[in-house]
Amino acid sequence: MLLTISTTYDPATDLGYLLHKHPDKVQTFSLSFGRAHVFYPEATAVSCTAALMLDIDPIKLSRQQGGDQASFALQPYVNNRPYVASSFLSVAIAQVYGTALNGRCKDRPELVDTPIPLQAKIATLPSHDGESLLHRLFTPLGYTLHVIHQPLDAQFPEWGDSHIYTVTLTHTIRLRELLTHLYVLIPVLDDEKHYWVGADEVDKLLQKGESWLTDHPEREEIAHRFLRRQRRLTRAALAQLTEEDDPDPEATGKQHDQEETNAESSLGLHQQRLQAVLDMLKASGAARVLDLGCGEGRLLRMLLQESQFKAIVGMDVSYRSLELAAERLKLERLPERQRERITLLHGSLLYRDQRLVGYDAAAVVEVIEHLDAPRLAAFVQNVFAFTQPQIVLITTPNQEYNVMWPSLPAQKFRHRDHRFEWTRAEFQTWATKVADTHGYTVRFTPIGPEDETVGAPSQMAIFTREHIDENRTP
Ligand code: SAH
């Protein structure tokens, strides 16, 4: 079992300080289930790789586990545990790279908080739910994945593929974050009984999960799997994460969507919103368009019907929504020429994404209020400084209008996942600052019936890029 971590940070050998392991030495650590070796296949100023090799001893393992779980006599000795990444690798990360995992670095303390270009390669990562689970877990955290599906046996290709993947994760990120993600997500991918599930697991998960887990669209699945389907523990962990005891988040999510639809349905507001966005995109002359946070693809369907749009990209952080979008658009059955016009991408607006560069226009419809306010700066940076479409359309609820819905309790948002809802003044102040900072002009238009005092239920900002920004972030 091999995990390598590489960097091209300058100087790359700083990886040795961060990991607390000297690049010139091979070091061996004794663990209760075998041994771990750390060594550096390469260590130069331009490129440095640290390898963690896990040498699991099936005899030690069987003694630890006792005989009671074996489904056949030799099972304690003959199993895949020595060969695949599992909770044993998490234990090894915690024990061998513990200092780095906990964000300490005596010699280069400033490095701990510096995002650096990192690449982690896990030679044999199981996934009980195929390649899609790998993407669902890692993409929302900003990783680019390279996945190779391993055959069951290279000598007998007719046996088909195994459930083992060689996965390379690339991201510019703090090392401690990378290690934390691996620590939590590797056991989530593995379907076997975990090695260390015990009473303190909730704490461990929460400690290592912190904010990234709260925001992760698969947090239920992660908590569920990490805690090995122990419903009571899972529920406790989720309740702490969301600060509310919600035994069935799936069902509740649907109910919340329904609440939002109810509040807004009398107006057919969402349709009006999409129509306003579509009209604006048509008028702009855009041919290549992005729908960022496309959800289940309602706008995408409208865009497909207009021949003006030659390249249409829908992007969302929720894999499930993209699956629903693919169904709604009947992608499988579209004629080749139509099919080529549309691409669905799994990704997050909180991370730079090269795939989104080179488009005329971007629509961001009812998405920003789902982002944590402190993360908005990252969203702005990615869209306005990095992706830089000519036109950006952003819609968001007008909070002032909420008093017009008798069914909506005072001080409540229209949707429980909304992190904020802005007044017209708040939205305009924010958008004007974004435009001024990034070389765009901005104007505003109400969406839906306008009330004299509180305005319209929804609001749109139309950003137009003024000039080529020489300082575009590379
Ligand atoms: N634009 C769609 C969906 C709006 S709901 C429509 O108008 O119908 C908000 C969408 O934003 C959801 O699909 C959610 O998954 C997505 N979203 C939330 N955070 C995101 C992020 N960080 N990156 C990309 N999409 C995100």
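Begin by selecting leucine 3 and leucine 52, and you will find that leucine 3 stands opposite leucine 52, which belongs to strand 4. Bear in mind during the tour that the model in your viewer is a predicted one. Now widen the selection to residues 2–7, which form strand 1, and residues 48–56, which form strand 4; the two strands run antiparallel and are joined by 6 bridges.

Next, show the whole sheet to which these strands belong. The sheet is open and has 7 strands, which follow the order 2-3-4-1-5-7-6 with antiparallel pairing. At its edges lie strand 2 (27–31) and strand 6 (144–151), each of which pairs on one side only. If you look along the sheet, neighbouring strands are turned against each other by 15° on average, with direction ignored.

Two helices can then be added to this picture. Select residues 130–138, which make up helix 5, and you will see this helix packing on the sheet, where it touches strand 5 (116–126), strand 6 and strand 7 (161–173). The direction of helix 5 makes about 155° with that of strand 6. Then select helix 6, residues 175–189, which lies across strand 1, strand 5 and strand 7 and runs at about 15° to strand 5.

Return now to the start of strand 4 and select serine 47, which lies in the loop between strand 3 (34–43) and strand 4. Is serine 47 buried or exposed? Serine 47 counts as buried because its relative accessible area is 19%, and the cut-off for a buried residue is under 20%. Leaving aside residues up to four places away in sequence, serine 47 touches Thr7, Ala12 and Glu42. With glutamate 42 there is also a polar contact between the two side chains, at 2.9 Å.

Move on to helix 3, residues 87–96, which is mostly covered, since 8 of its 10 residues are buried. Colour the buried ones to see where they sit: they are Ser87, Phe88, Leu89, Ser90, Val91, Ala92, Ile93 and Val96.

Finish at the ligand, which is surrounded by 16 residues, the closest being His270, Gly293, Asp316, Leu349 and Val365. Select leucine 349 and look for a polar backbone atom that is 2.9 Å from a nitrogen atom of the ligand. At serine 348 a polar side-chain atom lies 3.3 Å from a ligand nitrogen atom, while at valine 317 a polar backbone atom is 3.4 Å from a nitrogen atom of the ligand. Of the 570 Å² of accessible area that the ligand has on its own, the protein covers 83%.

Terms used: Residues numbered from 1 in each chain as written. Predicted model: local features only at pLDDT ≥ 70, side-chain atom pairs only at ≥ 80, totals over all residues. Heavy atoms only, no water. Buried < 20%, exposed > 50% of the residue type's maximum accessible area, 1.4 Å probe, protein only. Helix = DSSP H or I, 4+ residues; strand = E, 2+ residues; numbered from the N terminus. Pairing = 2+ DSSP bridges. Axes fitted to C-alpha atoms, helices over the stretch in contact; angles between N-to-C directions. Contact = heavy atoms within 4.5 Å. Near = heavy atom within 4 Å. Polar contact = N/O pair within 3.5 Å; in protein donor to acceptor, adjacent residues only side chain to side chain. Areas by Shrake-Rupley, 256 points an atom, 1.4 Å probe, with all protein chains shown as cover.
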